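Biologist: I am new to this entry and should be grateful for a close look at a single part of it, namely the places where its chains meet. Please then relate that part to its surroundings.

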4 protein chains.
Amino acid sequence: MMMAPNAQRRSEKSHQAILAAAMDLSAERGYGNVTVEAIAARAGVSKKTIYRWWPTKGAVILEALGELAQTATVFPDTGDLVADLRTQTAAVLDFLASPRTGSAYLGLIAETQHDEALARDLVEQLIKPRVAVAMDRLRSAQRQGQLSPEADLELIVELLYGPIYYRRLLHLGPHTDDRLHALIDHVLSQWR
Amino acid sequence: MMMAPNAQRRSEKSHQAILAAAMDLSAERGYGNVTVEAIAARAGVSKKTIYRWWPTKGAVILEALGELAQTATVFPDTGDLVADLRTQTAAVLDFLASPRTGSAYLGLIAETQHDEALARDLVEQLIKPRVAVAMDRLRSAQRQGQLSPEADLELIVELLYGPIYYRRLLHLGPHTDDRLHALIDHVLSQWR
Amino acid sequence: MMMAPNAQRRSEKSHQAILAAAMDLSAERGYGNVTVEAIAARAGVSKKTIYRWWPTKGAVILEALGELAQTATVFPDTGDLVADLRTQTAAVLDFLASPRTGSAYLGLIAETQHDEALARDLVEQLIKPRVAVAMDRLRSAQRQGQLSPEADLELIVELLYGPIYYRRLLHLGPHTDDRLHALIDHVLSQWR
Amino acid sequence: MMMAPNAQRRSEKSHQAILAAAMDLSAERGYGNVTVEAIAARAGVSKKTIYRWWPTKGAVILEALGELAQTATVFPDTGDLVADLRTQTAAVLDFLASPRTGSAYLGLIAETQHDEALARDLVEQLIKPRVAVAMDRLRSAQRQGQLSPEADLELIVELLYGPIYYRRLLHLGPHTDDRLHALIDHVLSQWR
DNA sequence: TCTTAATCGAGACGGTACGTCAGGTCTTCAA
DNA sequence: TTGAAGACCTGACGTACCGTCTCGATTAAGA
């Protein structure tokens with residue numbers, strides 16, 4: 001069996017240092033004020049090493065966020081749909097509100113507005129997997145009879161997450177727990 | 001009574017040329033690739049003249065968008081709430097999808113994620129007035145009995161516009177008319 | 001009469017600061033270790049300002065050297081050709097040996113070996129004028145009968161300066177006064 | 001008695017490929033635009049292999065030139081000093097004018113202006129041996145009575161080669177045969 | 001003939017400097 | 001007093017090479 005003839009492999013130490021530096025800087029000064037130059041300096045790495053593995057600073061942040069998002073926004077399945085939705089939307093809210101992840105994530109979304117390649121990667125790597133998980137949970141609820149078989153699952157997802165992003169992006173302040181519960185109740189009302 | 005005889009006041013010609021150039025460039029290359037330098041060149045104006053009247057390129061775009069948004073997203077009041085919501089949300093969708101306004105608007109929102117002053121201006125000048133108009137229309141529908149007095153108007157606004165922004169920002173494609181109608185129906189269902 | 005409509009003019013202060021910084025750095029670390037970046041930093045000037053007015057660091061050094069060379073290697077005319085040649089060749093020797101000018105000049109000549117444009121400028125601005133002055137002095141000596149009318153003036157110039165450059169470039173050590181005088185005597189011997 | 005285990009394992013194939021690549025690239029793009037990176041790529045060799053055997057690219061070129069110079073500028077001894085000088089100086093002229101060797105040699109001399117170690121090697125390996133050969137030939141001419149015993153041989157060497165280098169370095173064009181003959185005649189005139 | 005250690009290709013790495021671009025400030029001159 | 005022109009300092013961009021450094025893979029002794 002053929003192996004790549006190989007040579008020196010990617011330095012895992014540098015790799016992690018870069019992701020950490022990117023998130024740190026993003027938390028400190030906000031995504032828009034992060035530069036590749038600063039990430040390199042903070043990570044003790046040369047700019048070339050960053051450009052060797054990522055095309056733009058956005059791609060670095062995307063990878064760093066990917067790791068964090070996975071653990072930060074797991075979708076529980078306790079059997080109680082409403083409770084699980086409350087847990088999960090609250091986690092999303094925290095993720096968006098946290099100075100560490102929120103600024104980076106929003107900045108990243110901003111960047112995708114004028115970087116098609118980054119947009120594609122964001123959707124494929126971050127958005128779609130998470131939407132799929134949510135759809136799975138809703139489908140499971142349908143099977144358990146907590147949700148009508150006619151429920152428009154896609155619409156439910158939009159109705160749940162749309163308002164959360166909306167308030168955050170337009171600087172309207174995050175939902176309180178009460179508002180979040182009201183939101184969930186209303187969205188599910190028709191199909192419970 | 002004497003007026004100061006001298007004093008060329010602000011040149012309205014330059015003012016308009018700058019706003020037009022800003023929107024043109026934004027349409028052509030996307031908000032993120034627009035520079036004050038390019039706006040100045042396109043408008044036949046010196047950079048100084050731009051910086052004299054606006055603090056950042058975002059502020060220029062904000063003013064330019066303000067004019068367009070006002071005319072592009074009027075909220076009709078025909079007496080039929082559902083029809084009016086369909087008209088208006090479709091207009092918002094168009095505004096967000098149009099290459100001329102959508103890219104500029106999204107880019108602007110992006111910029112506000114790391115520019116507090118701009119965020120404030122965006123909210124005060126663009127968002128709040130439009131939200132207020134929507135609330136007014138809903139209140140009027142309440143008075144006419146098309147909407148229950150217990151309806152949570154703020155929640156309705158979030159549920160209507162949140163998903164529209166959400167799909168646009170996360171590159172999930174715009175709503176079709178059908179989906180839009182389904183969205184409106186679902187949002188109003190409880191309180192009709 | 002039309003003047004250029006103009007705008008802010010070139011800053012003479014920056015201009016001189018750049019030339020001085022270039023010569024200082026060249027003296028300190030040798031031509032080859034001078035960078036545009038360092039010149040800019042030393043002169044308290046942006047790189048852009050250097051690139052606005054000169055194409056390469058070589059061009060900066062050339063201009064700086066031009067000023068110095070003019071005053072450092074004047075060709076006297078006391079009426080005594082041999083005495084004048086001794087004075088002038090000694091001055092050239094000093095110019096080539098001085099840490100301030102020699103390193104820069106030699107480095108510049110080096111650079112012209114792979115920069116045609118710079119080579120042209122060097123020849124036109126530095127070499128030819130100085131050769132012309134030497135030829136003038138020799139012609140004047142011919143008129144005064146100190147040199148035969150058949151003397152090959154061009155050859156004399158080559159024979160005088162060639163060896164001086166040769167020893168310097170090939171690191172063979174500078175001429176002593178005695179060797180310099182022997183050189184001059186031999187070169188003139190045939191046509192005195 | 002122990003011998004150093006050493007084991008001469010240097011790859012002669014790589015060695016020659018590097019020297020050839022260095023000269024080729026120097027001919028193609030000029031010494032100053034040659035990089036170790038490019039030599040390695042052209043020679044199909046890793047950079048490490050070059051740095052293992054030479055300290056700088058100048059050292060590579062020096063070795064490559066050394067081989068060529070030896071064969072290209074032999075000093076004949078036909079018994080006729082003037083004829084031999086004409087032959088040899090013409091060969092030197094060709095060596096300096098050839099795109100293959102001239103650019104590399106001049107670039108190398110240039111480099112020695114800010115690399116002392118390289119300067120030492122250049123003088124020891126290239127210059128001095130060749131000067132010694134010339135001195136030998138002149139001494140032989142003295143013994144045969146073609147040159148006065150008082151002749152200043154060192155001065156003669158400087159006077160012959162100085163002008164050739166001088167014209168080449170300062171981009172004044174090479175000597176024609178006539179000028180070269182005139183140069184030789186004049187240099188020898190006093191001591192024939 | 002089989003180790004075994006130097007050398008090889010490949011190329012990642014931390015760096016320095018490159019030459020360019022845009023930002024935002026400042027100066028000059030014309031209207 | 002504005003405005004157009006554009007020079008200026010700043011700082012980041014993305015690239016090219018530098019010289020150092022691991023990696024297996026190759027190879028030519030000497031045991």
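Biologist: How many residue pairs are in polar contact across the interface of chain D and chain C, counting pairs with both residues at pLDDT 80 or more?

Modeller: Across the interface of chain D and chain C, 16 residue pairs are in polar contact, both residues of each pair being at pLDDT 80 or more. A polar contact is a pair of N or O atoms within 3.5 Å; within protein, one of them must be able to donate a hydrogen and the other to accept it, and residues adjacent in sequence count only if both atoms are side-chain atoms.

This is a predicted model, in which local features need pLDDT of at least 70 and side-chain atom pairs count only at pLDDT 80 or more, while totals for chains, interfaces and linings use all residues. Residues are numbered from 1 along each chain as its sequence is written, chains are lettered from A and ligands numbered from 1 in the order in which they are written, and side-chain values use heavy atoms, with hydrogens and water left out.

The interface of chain D and chain C also holds six salt bridges, a salt bridge being a side-chain nitrogen of Lys or Arg within 4 Å of a carboxyl oxygen of Asp or Glu. One of them joins R179(C) to E154(D), with the closest N and O atoms 3.5 Å apart. On the side of chain D that touches chain C, the elements giving two or more residues are α6 (102–112), α7 (116–143), α8 (153–169) and α9 (177–189) of chain D. Such elements are DSSP runs numbered from the N terminus, helices being H or I of at least four residues and strands E of at least two. Of these, α8(D) contributes the largest share, 13 residues. By character, this side of chain D comprises 22 nonpolar, 10 polar and six charged residues. Here Ala, Val, Leu, Ile, Met, Phe, Trp, Tyr, Cys and Pro count as nonpolar, Asp, Glu, Lys and Arg as charged, and the others, Gly among them, as polar.

As to extent, 38 residues from chain D and 38 residues from chain C take part in the contact, where contact means heavy atoms within 4.5 Å. The size of an interface is often given as the accessible area lost when the parts come together. Between chain D and chain C about 3,600 Å² is buried, with 64% of it on carbon and sulfur atoms; buried area is the accessible area (1.4 Å probe) that two parts lose on being put together, summed over both.

Chain B and chain A form an interface that can be described in similar terms. There, 38 residues of chain B meet 38 residues of chain A, and about 3,600 Å² is buried, carbon and sulfur atoms giving 64%. The interface of chain B and chain A has six salt bridges, including one between D152(B) and R179(A), whose closest N and O atoms are 2.7 Å apart. Polar contacts link 16 residue pairs across the interface of chain B and chain A, both residues at pLDDT 80 or more. On chain B, α6 (102–112), α7 (116–143), α8 (153–169) and α9 (177–189) each supply at least two residues to the side that touches chain A, and α8(B) gives the largest share, 13 residues.

How are these two chains arranged? Chain B is laid on chain A by a turn of 180° and a shift of 0.0 Å along the axis, with an RMSD of 0.1 Å, the superposition being by least squares on the C-alpha atoms of residues with pLDDT of at least 70 in both. This is the relation of a two-fold axis. Since 100% of the interface residues of chain B are also interface residues in chain A, the copies meet through the same surface.

The surroundings include DNA. Around DNA strand F there are 38 residues, the nearest being Y51(A), S46(C), T49(C), K47(D) and Y51(D); a residue is near a strand if one of its heavy atoms lies within 4 Å of it. Sugar and phosphate make up 57% of the atoms of DNA strand F within 4 Å of the protein. A polar side-chain atom of T49(C) lies 2.6 Å from a phosphate oxygen of DNA strand F. DNA strand E is likewise surrounded by 38 residues, with W53(A), K47(B), Y51(B), Y51(C) and R9(D) the closest. A side-chain N or O atom of K47(C) is 2.8 Å from a base oxygen of DNA strand E, while a backbone N or O atom of V36(C) lies 2.8 Å from a phosphate oxygen of DNA strand E.
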